[in-house]
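Visitor: I would love a guided tour of this protein. Could you take me through it one question at a time?

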Amino acid sequence: MAKHKGRGWYGKAFAAALGVTVGAVAMSMWTAQADTTGARRPQAHVSAPAIKPVAVGIVHASDAGAKGVNITIDDGPDPVWTPKVLQLLKENGVKATFCMVGTQAEAYPDLVKAVVADGHRLCDHTVSHDTTMDKKSEAYQRQQILDAERMITEASGGVRPMYYRAPGGAFTPYSRQLAASRGMRPLGWNVDTKDFEHPGVETIVATVKSEIADGPTVLFHDAGGDRAQTLDALREVLPWLKEQGYTFGFPVR
């Protein structure tokens, strides 16, 4: 997979503790609570939901079948462009997968909730979108993936990311295994529209039309700069795909 150029707008990764718990475990919580006699008694047992691991392979296939298409939207949420993308998807009756940067999700939790409310899925796109992730230590990869997972989950009100997409495709065996152990399927793409480079609406549309036969997962962006070309291209691409007999789904897990 082609790697994107570095994107300076993200800012530096937050320093974070590396000791993040990898499995969700049941915990007994004892809270001092007085009864009518003044004695203390333990509070009820509280259990966290179990996390089901998924396959470690990088997925491209669609759950909509042979003529399925997965629309994926990266790098947001963004206060200007994400609402416009959501409206356009709604008008076309299309569900998408939003690969969110942790710092963006933390900054705009209402937009994360809006994405979930509209029936779209969430994807972990790391804390700071470092396209050199595959050259960094396992400790660094762990921090980037797990802190972003936490940020996105908290911003959504408790809905966890279902996928992990490495920035620029910078996957490693370790990052794939870690994400999969947290229930996040590693997510690739087949059609890179390169909308991030502002190649022009006609070029973006032509890329989708010429490359969709190569596989169902299409990459767009809703952040990182002016996304007007992305919106205009989606207005053309989504109806065209329907006319060709494609249906829209989510990446398989």
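Guide: Gladly, and please keep in mind that this is a predicted model. Let us begin at proline 251, found in the segment after strand S10 (247-249).

Visitor: Is proline 251 buried or exposed?

Guide: The cut-off for burial is a relative accessible area under 20%. Proline 251 has a relative accessibility of 1%. The residue therefore counts as buried.

Visitor: Which residues does proline 251 touch, leaving aside those up to four places away in sequence?

Guide: One of them is alanine 61, and the two residues are 190 apart along the chain. Their C-alpha atoms are nevertheless separated by 5.7 Å. With sequence neighbours up to four places away left out, the contacts of proline 251 are Val59, Ala61, Asn70, Thr97, Arg121, Tyr163 and Leu187.

Visitor: Among contacts between residues at least 6 apart in sequence, what percentage joins residues at least 24 apart?

Guide: The protein chain is built with seven helices and 10 strands. Taking its contacts between residues at least 6 apart in sequence, the share that joins residues at least 24 apart is 77%.

Visitor: Which element gives the most residues to the largest nonpolar core?

Guide: That core has 35 residues, and Ile71 and Phe98 have the most contacts inside it. Elements giving two or more residues to it include strand S3 (68-74), strand S4 (97-100), helix H6 (201-211) and helix H7 (228-243). The top contributor, with seven residues, is H7.

Visitor: And which residues does isoleucine 71 touch, again leaving aside those up to four places away in sequence?

Guide: Isoleucine 71 is one of the residues with the most contacts inside the 35-residue core. Beyond four places away in sequence, its contacts are Val94, Ala96, Thr97, Val218, Phe220, Leu238 and Phe248.

Visitor: How many residues make up the other core, apart from that one?

Guide: Tyr164, Phe171, Leu178 and Ala179 are among its members. The number of residues in this other core is 10.

Visitor: Let us turn to charges. Which residue forms a salt bridge with aspartate 118?

Guide: Side chains of opposite charge can pair when their charged atoms come close. For aspartate 118, the closest N and O atoms of the pair are 3.7 Å apart. Aspartate 118 is in the loop between helix H3 (109-117) and strand S5 (121-124) and its partner in helix H1 (residues 82-92), so the bridge ties together parts 28 residues apart in sequence. That partner, exposed at a relative accessible area of 52%, is lysine 90.

Visitor: Of lysine 135 and aspartate 134, which meet in a salt bridge, which one is partly exposed?

Guide: Their N to O distance is 3.4 Å. Lysine 135 has a relative accessible area of 65%, so it is exposed. The partly exposed residue, at 24% relative accessibility, is aspartate 134.

Visitor: About how many helical turns separate glutamate 154 and arginine 150?

Guide: These side chains meet in a salt bridge of 3.7 Å, N to O. Glutamate 154 is exposed at 52%, while arginine 150 is partly exposed at 36%. Because they are four residues apart in helix H4 (residues 138-156), their separation is about one helical turn.

Visitor: Which residues are joined into one network by salt bridges that share partners?

Guide: The structure holds eight salt bridges. Those that share partners make one network out of Glu149, Arg160 and Arg182.

Visitor: Finally, what percentage of the exposed area do carbon and sulfur atoms supply?

Guide: Of the 253 residues, 49% count as buried. The chain exposes about 11,300 Å², and the part supplied by carbon and sulfur atoms is 55%.

Technical notes
Residues numbered from 1 in each chain as written. Predicted model: local features only at pLDDT ≥ 70, side-chain atom pairs only at ≥ 80, totals over all residues. Heavy atoms only, no water. Buried < 20%, exposed > 50% of the residue type's maximum accessible area, 1.4 Å probe, protein only. Contact = heavy atoms within 4.5 Å. Salt bridge = Lys/Arg side-chain N within 4 Å of Asp/Glu carboxyl O. Areas by Shrake-Rupley, 256 points an atom, 1.4 Å probe, with all protein chains shown as cover. Core = buried A, V, L, I, M, F, W, Y, C linked by side-chain atoms within 4.5 Å.
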